[in-house]
Amino acid sequence: MRYNISRIRFPNTSPEPDVDDSSLCITKDKSKCILCGDCVRVCSEVQNVGAIDFAYRGSKMTISTVFDKPIAQSSCVGCGQCALACPTGAIVVKDDTRKVWKEIYDKNTRVSVQIAPAVRVALGKELGLNDGENAIGKIVAALRRMGFDDIFDTSTGADLTVLEESAELLKRIKEGKNDMPLFTSCCPAWVNYCEKFYPELLPHVSTCRSPMQMFASIIKEEYSTSSKRLVHVAVMPCTAKKFEAAREEFKVNGVSNVDYVLTTQELIQMIKESGIVFSELEPEAIDMPFGTYTGAGVIFGVTGGVTEAVLRRVVSDKSPTSFRSLAYTGVRGMKGVKEASVMYGDRKLRIAVVSGLKNASDLIERIKSGEHYDLVEVMACPGGCINGGGQPFVQSEERE
Ligand code: SF4
């Protein structure tokens with residue numbers, strides 16, 4: 001007899017949780033599923049991944065992976081669009097907030113954090129700021145009050161990616177190795193998709209690390225003299241970044257450069273848990289020496305941003321007029337597939353910018369049948385990282 005309750009008058013009709021916790025990106029609880037199929041449609045029709053589908057188990061319909069395998073063993077690429085689409089919380093973003101709180105409370109750790117460009121606007125809106133208001137200064141102030149020791153902006157890492165990726169593009173062109181385009185590599189769900197569905201294209205995917213990973217390796221190296229254990233957290237709009245951070249390629253002596261990835265949703269939850277009145281905070285500055293960055297990194301959050309930043313670097317005319325005309329070449333905007341061409345010396349470079357993996361797979365088929373591009377930017381989430389799987393939940397009617 002617990003709590004002096006000797007008799008339960010009503011039978012417990014709520015279903016037992018049926019949780020698949022195998023993925024690093026999402027958690028799935030079948031018991032909350034109402035079979036609306038929103039996750040299946042986004043996974044198959046928008047993303048062309050087909051990791052989950054309707055299935056009959058005996059006479060009972062369910063949503064499952066092939067052969068009921070754990071999600072981690074399915075074709076899931078971790079984009080998290082299913083979690084954004086699910087109206088009942090049957091699929092949610094993996095929650096790493098407890099682990100990060102534990103590190104912050106540990107006196108023997110020095111916890112640094114980087115914030116991705118796409119986080120700042122979505123987070124501000126959820127915490128009482130006006131639509132479109134850039135919340136980066138207030139986010140920095142909130143993170144300091146929560147106990148983070150060093151606070152940086154991923155835009156610095158994005159600047160490094162632009163330098164490396166544009167150098168790689170020009171090297172391929174100079175060496176005449178551009179029969180196939182150079183595919184960008186900063187979206188981990190796209191890299192997963194390429195590995196699982198188009199492995200033959202991997203030699204054409206940029207060798208550059210993503211901005212998050214480039215920046216994390218520098219931060220870990222720069223602060224390695226600290227007497228405390230270094231922990232690095234990245235705040236991202238992205239669920240797939242949780243998978244990227246855990247990849248073997250990004251570990252040094254078995255330790256990940258990024259120890260934890262928090263999505264925008266998780267950071268909002270942590271700020272609320274702290275009791276901080278976000279809208280009342282005075283904006284604060286990013287920590288030096290990594291507190292400076294160009295505008296190129298900031299535009300990484302939207303589809304076409306990576307390409308525009310690389311083109312700014314590649315074109316010989318660096319005047320404001322030339323940059324302004326680049327913005328109008330057609331790489332910006334929310335269309336699923338955009339094409340543009342720019343002159344590099346006397347050569348015309350053909351560029352494609354694609355968001356949504358179904359669009360990517362259609363474009364790849366066109367490339368395979370002979371269409372030529374020099375650079376292809378792929379972002380897995382429709383519209384780019386601003387619509388990432390870790391962004392705040394938006395009712396589907398609001399999204400349309
Ligand atoms: Fe993550 Fe952005 Fe790729 Fe979406 S588009 S999976 S948010 S990197």
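**Aromatic pairs and enclosed cavities**

F152, F215 and Y223 form one aromatic cluster in this predicted model, and a search of the whole structure finds 6 aromatic pairs. One of the pairs joins W101 and Y105, whose ring centres lie 5.7 Å apart with their planes at 15°, so that the pair counts as stacked, the limit for this being under 30 degrees. Both residues belong to helix α3 (residues 97-105), where they are 4 residues apart, or about one turn of the helix. As for their surroundings, W101 has a relative accessibility of 7% and therefore counts as buried, whereas Y105, at 61%, counts as exposed.

Attention can now pass from the rings to the empty space inside the model. Rolling a probe the size of a water molecule over the atoms shows where such space is left. The count comes to 2 cavities of 30 Å³ or more, and the largest has a volume of about 310 Å³. Its lining is made up of 27 residues, with C186, P237, K241, M379 and C385 lying nearest the centre. The elements that give two or more residues to this lining are α6 (154-174), α7 (188-197), α8 (211-222) and α9 (240-245). By class, the lining of the largest cavity divides into 20 nonpolar, 6 polar and 1 charged residues.

The second largest cavity has a volume of about 150 Å³, and of the 17 residues that line it, C43, A51, I52, C76 and C82 are the closest to its centre. At least two lining residues each come from β2 (26-29), α1 (38-46) and α2 (81-85), and the lining of this second largest cavity comprises 12 nonpolar, 4 polar and 1 charged residues.

Definitions and conventions: Residues are numbered from 1 along each chain as its sequence is written. This is a predicted model: local features need pLDDT of at least 70, side-chain atom pairs count only at pLDDT 80 or more; totals for chains, interfaces and linings use all residues. Side-chain values use heavy atoms; hydrogens and water are left out. On a 1 Å grid over the protein atoms alone, a cavity is a set of points where a 1.4 Å probe fits but cannot get out, and a pocket is an open set with protein on both sides within 12 Å along at least five of seven lines; lining residues have an atom within 4 Å of a point. Grid points are joined across faces, edges and corners, and a volume is the space filled by probe spheres set on the points. Ala, Val, Leu, Ile, Met, Phe, Trp, Tyr, Cys and Pro count as nonpolar, Asp, Glu, Lys and Arg as charged, and the others, Gly among them, as polar. Rings of Phe, Tyr and Trp (its six-membered ring) pair if their centres lie within 6.5 Å; planes under 30 degrees apart count as stacked, over 60 as edge-to-face and the rest as tilted. Buried means under 20% relative accessible area, exposed over 50%, partly exposed in between (1.4 Å probe, protein chains only).
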